[in-house]
Amino acid sequence: MLIRGYEMPPNLAKRTPQETVQATNIASAQKGAVAARALPSGDVVVTFKDEVTRDWHRKDTAWIRGAFGGQAKEAKRTVAILIKGLRKADLQGVTEEDLVEELGLESVDKVKIRLPSTPEYTRATVFLALTDQEEARKACDNGLIWRAQIFHCEPYSAMLEAVQCYKCWQWGHTQRFCRKDPLCPKCGTQAHGPGGREGERLIRE
């Protein structure tokens, strides 16, 4: 089971896997947790000894709050989609909660309005994670209506987003996780100039 760990108290977020398993079994009347793994997102995967024990814990979820704090809950399997082409001006003052309510969707687990940072771009996208696969399919097949406008939707996967490193300038990772030597984006040789950033200035000219 995947436990959503946002806003988890620091003392709980820093627990070892053994401590997490122990806390889960203490909070559960059924017990049966055998392993735990913390994800970079802050969520925690808890593994149970068999499917029967896992299914019991999915039905009776009171143990989640006891083991992970009052804000924690099970993260459902979701299907991600993008709503494309919303006008930035129409979204001014609209909260993500308001947007979901106006769209009339019933299975939204996450929502994120993505406003472009470039001023001349006038259109935005909205990321939605839905727990109902059929509702996600209908949105992609038929579009979604919002304020008398119909918007195209498409399936989304983070794996399909182009990611480029601004240290070695290769694709597939970011500068934060790059272990390669810095390169100049202009000439492709070793980074040069003040702080190794001269090539970045040149490529913008």
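Strand β6 (108–114) contributes the most residues to the lining of the largest pocket, namely 5. Strands and helices here are DSSP runs numbered from the N terminus, with at least two residues (E) for a strand and at least four (H or I) for a helix. The model is predicted: local features need pLDDT of at least 70 and side-chain atom pairs count only at pLDDT 80 or more, whereas totals for chains, interfaces and linings use all residues. Residues are numbered from 1 along each chain as its sequence is written, and side-chain values use heavy atoms, with hydrogens and water left out.

**Pocket**

The largest pocket holds about 680 Å³ of space. Its lining comprises 21 residues, and Leu 2, Arg 4, Ala 75, Lys 76 and Thr 78 lie nearest the centre. The elements giving two or more residues to this lining are β1, β6 and β7. A pocket is an open set of points on a 1 Å grid over the protein atoms alone, where a 1.4 Å probe fits, with protein on both sides within 12 Å along at least five of seven lines; lining residues have an atom within 4 Å of a point. Grid points are joined across faces, edges and corners, and the volume is the space filled by probe spheres set on the points.

**Open sheet**

Strand β1 also belongs to an open sheet of 4 strands, ordered β2-β3-β1-β4 with antiparallel pairing. Its edge strands are β2 and β4, each of which pairs on one side only. Two strands are taken to pair if DSSP finds at least two bridges between them. The pairings are listed below.

| Strand pair | Bridges | Sense | Opposed residues |
|---|---|---|---|
| β1 and β3 | 2 bridges | antiparallel | Ile 3 and Val 44 |
| β2 and β3 | 5 bridges | antiparallel | Ala 36 and Val 46 |
| β1 and β4 | 2 bridges | antiparallel | Arg 4 and Lys 73 |

Strand β3 (residues 44–48) has a covered face formed by Val 44, Val 46 and Phe 48, while Val 45 and Thr 47 make up the uncovered face. A hairpin links β2 and β3, with 5 residues between them, and Gly 42 in its turn has a positive phi of about 100 degrees. Asp 43 is located in the loop between these two strands. Asp 43 is buried, at a relative accessible area of 10%; buried means under 20%, exposed over 50% and partly exposed in between, for a 1.4 Å probe and protein chains only. The C-alpha atoms of Asp 43 and Ala 13 are 9.1 Å apart in space, although the two are 30 residues apart in sequence.

Helix α2 (residues 17–27) has Thr 20, Val 21, Ala 23, Thr 24 and Asn 25 buried. These buried residues pack against β2, β3 and α4 (62–68), contact being defined as heavy atoms within 4.5 Å.

**Nonpolar cores**

The largest nonpolar core has 21 residues, of which Ile 81, Ile 83, Leu 103, Leu 128, Leu 144 and Trp 146 touch the most other members. Two or more residues come from each of β5 (79–87), α5 (96–103), β7 (123–130), α6 (133–142) and β8 (144–146). The greatest contribution is that of β7, with 4 residues. Apart from this core lies another of 16 residues, including Met 1, Ala 23, Ala 33 and Ile 64. A nonpolar core is a set of buried Ala, Val, Leu, Ile, Met, Phe, Trp, Tyr and Cys residues joined through side-chain atoms within 4.5 Å.

Beyond its neighbours within four places in sequence, Leu 128 is in contact with residues including Ile 81, Ile 83, Val 100, Leu 103 and Leu 144.

In α5, Leu 99, Val 100 and Leu 103 are buried. They lie on the same side of α5 because they cover an arc of only 95 degrees around the axis, the arc being that of the directions from the helix axis to the C-beta atoms. The buried residues of α5 pack against β5, β6, β7 and β8. Exposed Glu 97 and Glu 101 occupy the face turned away from the buried side. Gly 104, just after α5, takes a positive phi of about 80 degrees.

**Backbone exceptions**

Most residues other than glycine have a negative phi. Arg 147, not a glycine, has a positive phi of about 50 degrees. Arg 147 is situated in the loop between β8 and β9 (149–151) and is partly exposed, at 45% relative accessibility. Trp 169 likewise has a positive phi, near 70 degrees, and lies in the loop between β10 (153–155) and α7 (198–204).
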